[in-house]
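Reader: I would like the reasoning behind some of the labels used for this model. Please set each value against its cut-off.

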Amino acid sequence: MSKKKLGFALCGSFCTFREVIDELEKLTDTYDITPIMSYNASTLDTRFGRALDFIEELERICGHHVIQTIQDAEPIGPKGMFDLLVVAPCTGNTLAKLASSITDTPVTMAVKSHLRGAKPVLLAVSTNDALSGSAKNLGALLN
């Protein structure tokens, strides 16, 4: 039996990366996972770790190259690459972009492209504003 295909996108909530990657590792027995990273997630070194180290770890765990460009994310929908697309962590910034149909990162393109095929997207919101500024965007995306 073949594994379900999961796209797993990370945005720049760097403090959550270790926890997210630990959970992601548990999913590899059940899913064939392709990692996707926003520009910030894939390029910025922070006090939580080096971007290249996270990329290498994701590729080792998942067995696929990280999608890091808009061009590489665009075929996700037309090719029906995933059964489910998860965005975890989904920052308030990405949430706002998705609610406003802004497609300027690999993650926002991945979501837009995946939704073209009417397939499910799961957003795991991670925002410092306790949803005070992000709640309206979350509400807009409930459709």
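Author: What follows takes the labels for helix pairs and cysteines in turn; the model is predicted.

Reader: Why is helix 1 called roughly parallel to helix 3?

Author: The axes of helix 1 (residues 17-27) and helix 3 (residues 51-62) cross at roughly 10° and come within 10 Å. Angles under 35 degrees count as roughly parallel, so helix 1 is roughly parallel to helix 3. The crossing of the two is left-handed.

Reader: Which residues of helix 1 and helix 3 meet?

Author: From helix 1 they are Phe 17, Arg 18, Ile 21, Leu 24 and Glu 25, and from helix 3 they are Phe 54, Glu 57, Leu 58, Arg 60, Ile 61 and Cys 62. The contact of helix 1 with helix 3 divides into seven nonpolar residues, four charged and no polar.

Reader: Why are helix 5 and helix 6 called oblique to each other?

Author: Helix 5 (residues 92-99) and helix 6 (residues 106-116) have axes that cross at roughly 40° and come within 10 Å. Roughly parallel requires an angle under 35 degrees, and roughly perpendicular takes 65 to 115. The value of roughly 40° fits neither class, and the pair is therefore oblique. Helix 5 passes helix 6 in a right-handed crossing.

Reader: What makes up the contact of helix 5 with helix 6?

Author: Thr 94, Lys 97 and Leu 98 of helix 5 meet Val 107, Thr 108 and Val 111 of helix 6. By class, the residues of this contact are three nonpolar, two polar and one charged.

Reader: Which residues of helix 5 are buried?

Author: Gly 92, Thr 94, Leu 95, Lys 97 and Leu 98 are the buried residues of helix 5. After helix 5 comes Ser 101, which has a positive phi, near 60°.

Reader: How many disulfides does a search of the whole structure find?

Author: The search finds zero.

Reader: Why is Cys 11 not bonded to the closest cysteine sulfur?

Author: That sulfur belongs to Cys 90 and is 5.4 Å from the sulfur of Cys 11. A disulfide needs the two sulfur atoms within 2.5 Å, so 5.4 Å is too far for a bond. Seen from the other side, Cys 90 is in no disulfide, and the nearest cysteine sulfur is that of Cys 11.

Reader: What makes Cys 11 and Cys 90 count as buried?

Author: Buried means under 20% relative accessible area. Cys 11 has a value of 1% and is therefore buried. Cys 90, at 0%, also counts as buried.

Note on methods
Residues numbered from 1 in each chain as written. Predicted model: local features only at pLDDT ≥ 70, side-chain atom pairs only at ≥ 80, totals over all residues. Heavy atoms only, no water. Axes fitted to C-alpha atoms, helices over the stretch in contact; angles between N-to-C directions. Helix = DSSP H or I, 4+ residues; strand = E, 2+ residues; numbered from the N terminus. Parallel < 35°, antiparallel > 145°, perpendicular 65-115°, else oblique. Left-handed = near helix turned anticlockwise from the far one by under 90°. Contact = heavy atoms within 4.5 Å. Nonpolar A, V, L, I, M, F, W, Y, C, P; charged D, E, K, R; others polar. Buried < 20%, exposed > 50% of the residue type's maximum accessible area, 1.4 Å probe, protein only.
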